[in-house]
Each structure stands twice: as structure tokens, then as C-alpha cells.
Amino acid sequence: MQLHNLPVAEGAAKPEKRVGRGIGSRQGKTSGRGHKGLKQRSGGKVRLGFEGGQMPLQRRVPHLRGFKSLSPTRFTVINVGELEVFEANSVVGEEELLAKGLIRKKGLPIKILGNGDLSKSLVVKAHGFSQKAVEKIETARGSTEVI
């Protein structure tokens, strides 16, 4: 079986409408397009968004103002509670976080946030810390280092 051998489904193929073949066909003279106007003429199509001369929606809606950076700094975020997997008195840096599976890839800046609890003293090295994270690490007798 090949594509040109497939039968057409019943009712799927309609005969082509033959316009401009006299008044007896009811599609003669203007060929069903009416009199005058853009849609009557050849190539007469209304462009996308045209609203008949009314101010189009994309021009009526107010534009966004302000500035948005095209390359914002994206941090890899880790919560203090996730650092509980490390042993006490250990140094936690990018390599150690990657080895434990807390970050997926190297190179992105790391930020430690204060969600969760920490019971071990750790030396944590990261690119950024929230105030709450610094408090929790220091109350657990640890220290923070900004890379």
C-alpha cells in the first residue's frame, strides 16, 4: 500500500467551487466576494492585528517601563539545613558540595540561605550568604567565608 493508493474518506473530498461561471451558478460576476472593498480585490487580505482602523490592541496596551538586565546573576541556592550532611568541623566549598550532589555543576555562584537548622560547626565558603544563614552557621560555632 502506498500513499497514492489510499482511499479518501467519505465526505472528506468536496468538489472545487467553480466561481465566475455566470449568473446561473450563483457564484458569477463578483464570485461571492460582494461589491468593493479590500476583501473583494485580488490579494485583499487583512494583516494580523488589524482592527479596521481602530487603534490595535498592541498599541492600546501601555508599554512596560524600567530596565531589566539581559544577564542577571544567577545563583545556585543551598539552604543551611542541607549542609547537615557534612561531618562536624569540615570545610564546605564548591568541590565538596559537588561531591555530595548539592550542586549540579561548577562555575555558577553559590548562595547560602537560612532555611533549616544546622547543629554542626562548619567552615562554609560561598559567593553569598543571607543574614539568617550567617546567624545560624555562627550559632552552631561555624564560620563563613565569602569567595
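Me: How many bridges join β4 to β6, and how do these strands run?
Reply: Happy to start there, with the reminder that this is a predicted model. One of the pairs is Ala 126 with its bridge partner Val 146 in β6. The strands β4 and β6 run parallel, and the number of bridges joining them is four.

Me: Which strands stand at the edges of the sheet that holds β4?
Reply: That open sheet has three strands in the order β2-β4-β6, with parallel pairing. Each edge strand has a single partner strand, so one side of each is left without a neighbour in the sheet. The edge strands are β2 (91-92) and β6 (143-146).

Me: What is the strand order in the open sheet that contains β3?
Reply: Let's build it from the pairings. Four bridges join β1 to β3, and these run parallel. Two bridges join β3 to β5, again running parallel. The order is therefore β1-β3-β5.

Me: And which strands of that sheet are left with one side without a neighbour?
Reply: A strand with a single partner stands at the edge, so one of its sides has no neighbour in the sheet. That applies to β1 (76-79) and β5 (128-129).

Me: Which residue of β3 is the bridge partner of Ile 78, and which residue of β5 does that β3 residue stand opposite?
Reply: Going along the β1 to β3 pairing, Thr 76 has Ile 110 as its bridge partner. Ile 78 has Ile 112 as its bridge partner in β3. Towards β5, Ile 112 stands opposite Phe 129.

Me: Which side chains of β3 are buried?
Reply: The side chains alternate along this strand. Lys 111 and Leu 113 point to one face and are not buried. Pointing to the other face are the buried ones, Ile 110 and Ile 112.

Me: Which residues have the most contacts inside the largest nonpolar core?
Reply: In soluble globular proteins, nonpolar side chains tend to be buried together. Here the largest nonpolar core has 17 residues, and β3, β4 and α3 each supply at least two of them. Ile 112 touches, among others, Ile 78, Leu 83, Val 124, Ala 126 and Ile 137. The residues with the most contacts inside the core are Leu 83, Leu 97 and Ile 112.

Me: How many salt bridges are there, and which pair has its closest N and O atoms 2.5 Å apart?
Reply: The count comes to three salt bridges. One of them joins Glu 51 and Arg 60, with the closest N and O atoms 3.1 Å apart. The pair at 2.5 Å is Glu 95 and Lys 106.

Me: How many residues apart in sequence are the parts that Glu 95 and Lys 106 tie together?
Reply: These two form a salt bridge. Glu 95 lies in helix α2 (residues 94-100), while Lys 106 lies in the loop between α2 and β3, so the pair ties together parts whose separation in sequence is eleven residues.

Me: Is Glu 51 buried, partly exposed or exposed?
Reply: Buried means under 20% relative accessible area and exposed means over 50%. Glu 51 has a relative accessible area of 29%, and its salt-bridge partner Arg 60 is at 44%. Because its value falls between the two cut-offs, Glu 51 counts as partly exposed.

Me: Where does the partner of Asp 117 in its salt bridge lie?
Reply: Asp 117 is exposed, with a relative accessible area of 63%. Its side chain meets that of Lys 136 in a salt bridge at 3.9 Å, N to O. Asp 117 lies in the loop between β3 and β4, so the pair ties that loop to the element holding Lys 136, which is helix α3 (residues 131-139).

Me: Which residues does Gly 116 touch, leaving out those up to four places away in sequence?
Reply: Gly 116 has its place in the loop between β3 and β4, and at 26% relative accessibility it counts as partly exposed. Its C-alpha is 48 Å from that of Arg 59. The residues Gly 116 touches are Gly 81 and Lys 136.

Me: Which backbone oxygen does the side chain of Ser 90 reach?
Reply: Ser 90 is in the loop between β1 and β2. Beyond its neighbours within four places in sequence, Ser 90 is in contact with Ser 121, Leu 122 and Val 123. The backbone oxygen that its side chain reaches, at 2.7 Å, belongs to Glu 87.

How values were computed: Residues numbered from 1 in each chain as written. Predicted model: local features only at pLDDT ≥ 70, side-chain atom pairs only at ≥ 80, totals over all residues. Heavy atoms only, no water. Salt bridge = Lys/Arg side-chain N within 4 Å of Asp/Glu carboxyl O. Buried < 20%, exposed > 50% of the residue type's maximum accessible area, 1.4 Å probe, protein only. Contact = heavy atoms within 4.5 Å. Polar contact = N/O pair within 3.5 Å; in protein donor to acceptor, adjacent residues only side chain to side chain. Core = buried A, V, L, I, M, F, W, Y, C linked by side-chain atoms within 4.5 Å.
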